[in-house]
Amino acid sequence: MGDSNDDERTNNRRRPNVLVTGTPGVGKTSTASMIAERLGMKHFCVGDLVREHSCVEGRDESLETNILDEDKLLDAMEPMIQDAEEEGVGCVVDFHVCEIFPERWFDLVLVLRTDTEILYDRLTSRGYSDHKRSENMESEIMQVILEEAREAYDRNIVHEVRSNTVEEMEANVQRVEQWVAQWMQDNNVTEDDNNIDNE
């Protein structure tokens, strides 16, 4: 263990922080909300935060998407992450962009993957244009989000999981439950430690 602030910050956590990421349509928000509910963690859907805090610099019409104001978003999120840590509950963050966040924020990065036929139907049902749907399909086929996650975070904390069905989603949530239990054991955290502030 090093002496950096990042190490100290991780060691002071009573619950881990989890990032759920992947191409639009893979089930990030559904999975993240299930994890948060099951484990009593805070859930931050970054798409909602972008809208609530107006973290937009403009619009890219060719990609049919808003241009994210990353600095404004991170400034808005930092106190939320800190509050979750101070409350001892940890947080689950979901967003399709993963490399913008500080590495020190997360202990687990879950990259959801979906078969292209299923993803095509999901994006179509969302009303995506042919161009926007094609861009996202290509991103999934080329594993863009997975590679970005592997480049942005320690590879040991990045895990790729399938998210085609409700059963797979449930299995992923159970895997995270097991992982959190192991993280708490490895970090000598007990349920009693998490209840200190709630008594």
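1. Start with the pocket: the largest one has a volume of about 1,200 Å³. Bear in mind throughout that this is a predicted model. Helices α2 (28-39), α3 (46-52), α6 (130-141) and α7 each give two or more residues to the lining of the largest pocket, as do strands β3 (56-60) and β4 (65-68).

2. Which residues should you click on to find the middle of the largest pocket? P24, T65, F95, H96 and V97 lie nearest its centre, out of 37 lining residues. By type, the lining of the largest pocket splits into 13 nonpolar, eleven polar and 13 charged residues.

3. Next, the salt bridges. The structure holds 14 of them. One joins D115 and R162 through their side chains, at 2.6 Å from N to O. D115 sits in the loop between β6 (108-113) and α5 (116-125) while R162 belongs to strand β7 (residues 158-162), so this pair ties together parts that are 47 residues apart in sequence. Both ends are partly exposed: D115 has a relative accessible area of 31%, and R162 has 33%.

4. Strand β7 turns up again in the bridge from E160 to R150, where the closest N and O atoms are 3.9 Å apart. Because E160 is in strand β7 and R150 in helix α7, the pair links parts ten residues apart in sequence. E160 is partly exposed at 34% relative accessibility, and R150 is also partly exposed, at 27%. Don't look at this pair in isolation, though: salt bridges with shared partners connect R113, E140, E147, R150 and E160 into one network.

5. Another bridge pairs E61 with R59, with 3.6 Å between the closest N and O atoms. Are its two ends exposed or partly exposed? E61 counts as exposed because its relative accessible area is 58%, over the 50% cut-off. R59, with 41%, is partly exposed.

6. There's a nonpolar patch on the surface, too. I141, M142 and V144 form it, with about 280 Å² of accessible area together. V144 lies in helix α7 (residues 144-152), and its relative accessibility of 31% makes it partly exposed.

7. Last, a pair to check on your screen: D83 and K42. How far apart are they in sequence and in space? They are 41 residues apart along the chain, and their C-alpha atoms are 9.8 Å apart. D83 lies in helix α4 (residues 70-86) and is partly exposed, at 38% relative accessibility.

Conventions
Residues numbered from 1 in each chain as written. Predicted model: local features only at pLDDT ≥ 70, side-chain atom pairs only at ≥ 80, totals over all residues. Heavy atoms only, no water. Patch = residues over 30% accessible without salt bridge, like charges linked within 9 Å, V, L, I, M, F, W, Y side chains within 5 Å. Areas by Shrake-Rupley, 256 points an atom, 1.4 Å probe, with all protein chains shown as cover. Salt bridge = Lys/Arg side-chain N within 4 Å of Asp/Glu carboxyl O. Helix = DSSP H or I, 4+ residues; strand = E, 2+ residues; numbered from the N terminus. Buried < 20%, exposed > 50% of the residue type's maximum accessible area, 1.4 Å probe, protein only. 1 Å grid on protein atoms, 1.4 Å probe; cavity = no way out; pocket = protein on both sides within 12 Å on 5 of 7 lines; lining within 4 Å. Points joined across faces, edges and corners; volume = space filled by probe spheres on them. Nonpolar A, V, L, I, M, F, W, Y, C, P; charged D, E, K, R; others polar.
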